[in-house]
Amino acid sequence: MIKIEDLSKIYSGSIAVDGISFEVKEGHIYGFLGPNGAGKSTTMNMITGYLAPSYGTIEINGYLMGKDTDKAKKNIGYLPEIPPLYPDMGVREYLAFVAHLKGVAKADRKSEVDRVMKATSLNDVSTKLIKHLSKGYKQRVGIAQAIIGNPKVVILDEPTVGLDPEQIIEIRELIKSLKGDHTVILSSHILSEISATCDDVLVICHGRMVACDTTENLLRSKEQKKILNLKIKGDKEKVEEILKTIKDADKVEYVDKEEEAVLFKVEFAKDKDIREEVSFALSDARLLILEMNEELSSLEEVYLALVREADEKYEAELQAIRDGVDLDEIYKDTETENDNSKEPSESIMDNDNKEEAK
Ligand code: ADP
């Protein structure tokens, strides 16, 4: 449905989007996730034809943006972060105006406005002025204008920002109801937003695609770790010193203090078990374990680990550029270390899902 290849956007020397490629399948809801400044809005503005790419191609339902631009745009409905609403217009009046702008034939306009008002549950406020609507209802009108003309693809930029919890649930339900008739891409910098609504996740960081997969596959990726939660009687420095001697511990994190005890989290690879080593090391140091339990890291933690890894890679590259080191040199070492020369988005996919993802 959407095919993006090597898409880049350069703003006077700074790279906002850096050669991303991905495909979007028909009828799914995709979450476009990344920290602030990652390049989400820039990518969406290029997909919707509002912004010309510096490089790369965008194909929507078989039409190339930049070549068959009008046809490609007809297949897309867009709700920008700030909805393009006219506050002094009534809801129906505004939607009829949008239908006119989008080139819906005059004879079909009324039925098209009826259809979208029903789909977005706006019938009760049909004559109300937009400026008198609640934020949640304004967002409904924003989504209604995006689906006028029945585009195959609907792109929503941060659609629940600024809404209260009840409105968020209503808008999420509305977005889910678009699935099937439309392919939806929605952006957010909050993972819970994406995991509540989407089938697939695209993660972008520093303008680069870090992951493109289902939430289940992300959870099965190498980024998912085991976490040992510990409550230990003793002082923080001593406990930390011992935990840092554990061979397979990837990360030791102090969490909190509770009366005479300290709480720690120890992260390690999910094919390992460090409980025995931790128990012996702490008892040798005469430190008493009050509680110990093991869990798998959550999707949130997997996402944060992906972003952290992308940040570190980006910082290393900047440093290499400052030091005048050839970038190929810094990757040669990592490739021989773990034979992980694949792109990050590829390396996190399970082999059995790669064909499907293509
Ligand atoms: P996100 O939507 O993920 O928060 P954006 O796409 O808005 O990220 O921005 C990506 C990067 O591009 C940021 O570093 C931002 O400062 C930069 N950027 C965005 N728009 C412009 C612009 N018009 N001129 C220069 N830099 C821009």
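I'll start with a loop. Ser121 sits in the loop between α4, residues 106–119, and α5, residues 135–147. This is a predicted model, so please hear every value that follows as computed from a prediction. Ser121 is not a glycine, yet its phi is positive, about 50°. The residue counts as partly exposed, because its relative accessible area is 43%, and the partly exposed class runs between 20% and 50%.

A second residue of this kind is Asn61. Its phi is near 50°, again a positive value in a residue other than glycine. Asn61 is placed in the loop between β4 and β5. With a relative accessibility of 29%, Asn61 is also classed as partly exposed.

That loop takes us to the sheet. Which strands make it up, and in what order? The sheet is open and has four strands, in the order β2-β1-β4-β5, with antiparallel pairing. The edge positions belong to β2, residues 14–24, and β5, residues 63–64; each has a single partner strand, so one side of each has no neighbour in the sheet. Helix α1, residues 40–47, packs on this sheet and touches β1, residues 2–11, as well as β2 and β4. The direction of α1 makes about 120° with that of β1.

Back to the β5 edge for a moment. Strand β4 covers residues 55–60, and two bridges join it to β5, the two running antiparallel. Across that pairing, Ile60 stands opposite Tyr63 of β5.

Now the ligand. Which residues are around it? They are Tyr11, Ala16, Pro35, Asn36, Gly37, Ala38, Gly39, Lys40, Ser41 and Thr42. Three polar distances are worth reading out. From Ala38, a polar backbone atom is 3.1 Å from an oxygen atom of the ligand. From Gly39, a backbone N or O atom lies 2.9 Å from a ligand oxygen. From Thr42, a polar side-chain atom lies 2.5 Å from an oxygen atom of the ligand.

Next, helix α11. Does its length come out longer than, shorter than or in agreement with the ideal rise? The helix has 25 residues, 299–323, and at 1.5 Å a residue it should span 36 Å; the C-alpha atoms at its ends are 36 Å apart, so the two agree. Several of its residues are buried, namely Leu299, Val302, Tyr303, Ala305, Leu306, Val307, Ala310, Glu317 and Ala320. As background to reading such a list, an α-helix has 3.6 residues a turn, so residues three or four places apart point the same way. Note that Glu317 is on the buried list. After α11 comes Gly324, with a positive phi near 75°.

On the other side of α11 is Ser298, found in the loop between β14, residues 288–296, and α11. Ser298 is partly exposed, given a relative accessible area of 33%. Its C-alpha atom is separated by 9.6 Å from that of Lys226, and the two residues are 72 apart along the chain.

Last, the overall numbers. The protein has 14 helices and 14 strands. Its C-alpha atoms fill a box of roughly 85 × 50 × 40 Å along the principal axes. Of its 358 residues, 44% count as buried. How many of the contacts between residues at least 6 apart in sequence join residues at least 24 apart? The share is 70%.

Technical notes
Residues numbered from 1 in each chain as written. Predicted model: local features only at pLDDT ≥ 70, side-chain atom pairs only at ≥ 80, totals over all residues. Heavy atoms only, no water. Expected span 1.5 Å × (residues − 1). Buried < 20%, exposed > 50% of the residue type's maximum accessible area, 1.4 Å probe, protein only. Pairing = 2+ DSSP bridges. Contact = heavy atoms within 4.5 Å. Axes fitted to C-alpha atoms, helices over the stretch in contact; angles between N-to-C directions. Near = heavy atom within 4 Å. Polar contact = N/O pair within 3.5 Å; in protein donor to acceptor, adjacent residues only side chain to side chain.
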